[in-house]
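Good morning, and thank you for the time. I would like to take you through one protein model, with attention to its helices.

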Amino acid sequence: MHSNFKRSLQNRFDFLGPFLEKKGVQTEAIRSAPHYEGWRGELQLFSFQGARFLAVVKPSPGRADRLLPILSQAVLEAGTFAAKRADNDRPLALLVIDQSTKALFTNVQDFAEKFVPDAAIAVVSLDGSCYFRGMGLDGLTSMPEFRRGVAKPSSATSVNLFSDLNQWLLKVLLAPLFPEHLLSAPRDRYLSGRQLADAAGTSHMSATRFLQQLKTEGYLDGTAEFITLIRHPEIFLRWRAATDTPKKEMPARFVFSGITDSLLRELLHEEPNETCLGLFAAADVLGFGYVSGVTPYLYVPNLAPITFGQGLWRAVTFAASGVRPDFYLRQTPTPISTFRGAVRREGISCTDVIQVWLDVSHHPSRGQEQADLIYNKYLQPVFPKS
């Protein structure tokens, strides 16, 4: 399984619990049991309308040719594990996918009726649709809606919810949920796109299109007086996936060795709006560092104009191959969101808590451990309790 897909596994489970609870399904993860040793996966107990199910939960791509084999395996595993329990729980095979289509659910239904007519199965999509089949699961299915004669919006007219500017607008909407020392952004409640645009320092049209896209994708509370985000777990999951892109960076070192920390701080002091400490070093400054020994990262808007040995960079040089760098210069793909959301701590500029989480999530050096700490301590608590 692809490493990025593995990293998103826990986030999918974080989405699944609240989603099912809204439908009246109670879930309980089974942490460990002797007869499950040696098996790698997720087992959960589901309760719905008096019936109890032992569910094998697996992530899956949203393609029938890859989904159906995984579903078959989950059906076999669920039956095996349920048979080992003395509680007479019914086996359930449940897959979590990114996005559904009517054709996909039709394929799942045809497969179930033909090959596993007595099995309880379910496919839940992060877009909010789901398919359930089996005794005791009636009423849970929510099929995606497709109206005939209405063309799907073209990519030319759709809005990228996680463009640089829109990531900044998301931070502005989320800012009241975080302490000021963790995220620098206006903190207010907004009645309209115009008010949001004025606060965020962007055009009214951009803010209006952004809000329309949020509404179209079901991320706004239509009953709230002020603009209110909902479905926070899905937003963070998609946000993280959208930022998993190749990064432009270069290794650098200081001409004078032995005083790296002092020189790095001086570099950040001189141009606070053009440089920004990121990733693990930023986590340390913000007070929730967990991983040590990782070379610091310094964000800049653009690597191209940097000339070592001149002006600001007079004490910096390129780190040749085989030479350990003092830090990495990374060109941020989202300069608006990164630098506007950055906070000042200990006299230097560093990325905000959301940006740190996004960036370390994709770092190979224990990045997932640091990301999990941030998610559990700072992001998950902002989810509504209901």
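I shall begin with the chain as a whole and then turn to individual helices and residues.

Please keep in mind throughout that this is a predicted model. The protein contains 13 helices and 13 strands. It has 386 residues, and 47% of them count as buried. The exposed surface of the protein comes to about 19,400 Å², with carbon and sulfur atoms supplying 50% of that area. As for the contacts, take those between residues at least 6 apart in sequence: 66% of them join residues at least 24 apart.

Let me turn to helix α5, residues 164–174. This helix is mostly covered, since 10 of its 11 residues are buried. Among the buried residues of α5 are Asp164, Asn166, Gln167 and Lys171, alongside Trp168, Leu169 and Leu170. What provides the cover? For the buried residues of α5, the cover includes α6, α7, α8, α11 and α12.

One residue of α5 deserves a closer look, namely Leu174. Its relative accessible area is 2%, and because the cut-off for buried is under 20%, Leu174 is classed as buried. Leaving aside neighbours within four places in sequence, Leu174 is in contact with Leu229, His232, Phe236, Trp239 and Ile354. Of these, His232, Phe236 and Trp239 fall within the range of α8, residues 232–242. There is also a pairing across the sequence: Leu174 and Val382 are 208 residues apart along the chain, yet their C-alpha atoms are separated by 8.8 Å.

Next comes helix α7, residues 204–216. With 13 residues at 1.5 Å a residue, α7 should span 18 Å, and the distance between its end C-alpha atoms is 18 Å, which agrees. Which residues of α7 are buried? They are Ala207, Phe210, Leu211, Gln213 and Leu214. Viewed down the axis of α7, these buried residues fall within an arc of 160 degrees, so they line one face of the helix. On the other side of α7, Arg209, Lys215 and Thr216 are exposed. The cover over the buried residues of α7 includes α5 and α6, the latter being residues 193–200.

After α7 comes Gly218, which has a positive phi, near 80 degrees. Further on, in the loop between α7 and α8, sits Arg231. Arg231 also has a positive phi, near 55 degrees, in a residue other than glycine. At 16% relative accessibility, Arg231 counts as buried.

My last topic is a pair of packed helices. In general, such a pair is described by the angle between the two axes and the distance between them. Helix α10, residues 279–286, packs against helix α12, residues 353–360, at an angle of about 145 degrees, and their axes are 9 Å apart. The crossing of α10 and α12 is left-handed. On the α10 side, the contact is made by Leu279, Phe280, Ala282, Ala283 and Leu286, and on the α12 side by Val353, Val356, Asp359 and Val360.

I close with Leu279, which lies in α10 and takes part in that contact with α12. Its phi is positive, near 55 degrees, in a residue other than glycine. With a relative accessibility of 0%, Leu279 counts as buried.

Thank you for your attention.

Conventions:
Residues are numbered from 1 along each chain as its sequence is written. This is a predicted model: local features need pLDDT of at least 70, side-chain atom pairs count only at pLDDT 80 or more; totals for chains, interfaces and linings use all residues. Side-chain values use heavy atoms; hydrogens and water are left out. Helices (H or I, at least four residues) and strands (E, at least two) are DSSP runs, numbered from the N terminus. Buried means under 20% relative accessible area, exposed over 50%, partly exposed in between (1.4 Å probe, protein chains only). Contact means heavy atoms within 4.5 Å. Accessible areas come from the Shrake-Rupley method with a 1.4 Å probe; for residues, only the protein chains shown count as cover. The expected span of a helix is 1.5 Å times one less than its number of residues. The arc is that of the directions from the helix axis to the C-beta atoms. Axes are lines fitted to C-alpha atoms, for helices over the stretch in contact, and angles run from 0 to 180 degrees between N-to-C directions. A crossing is left-handed if the near helix is turned anticlockwise from the far one by less than a right angle, and right-handed if clockwise.
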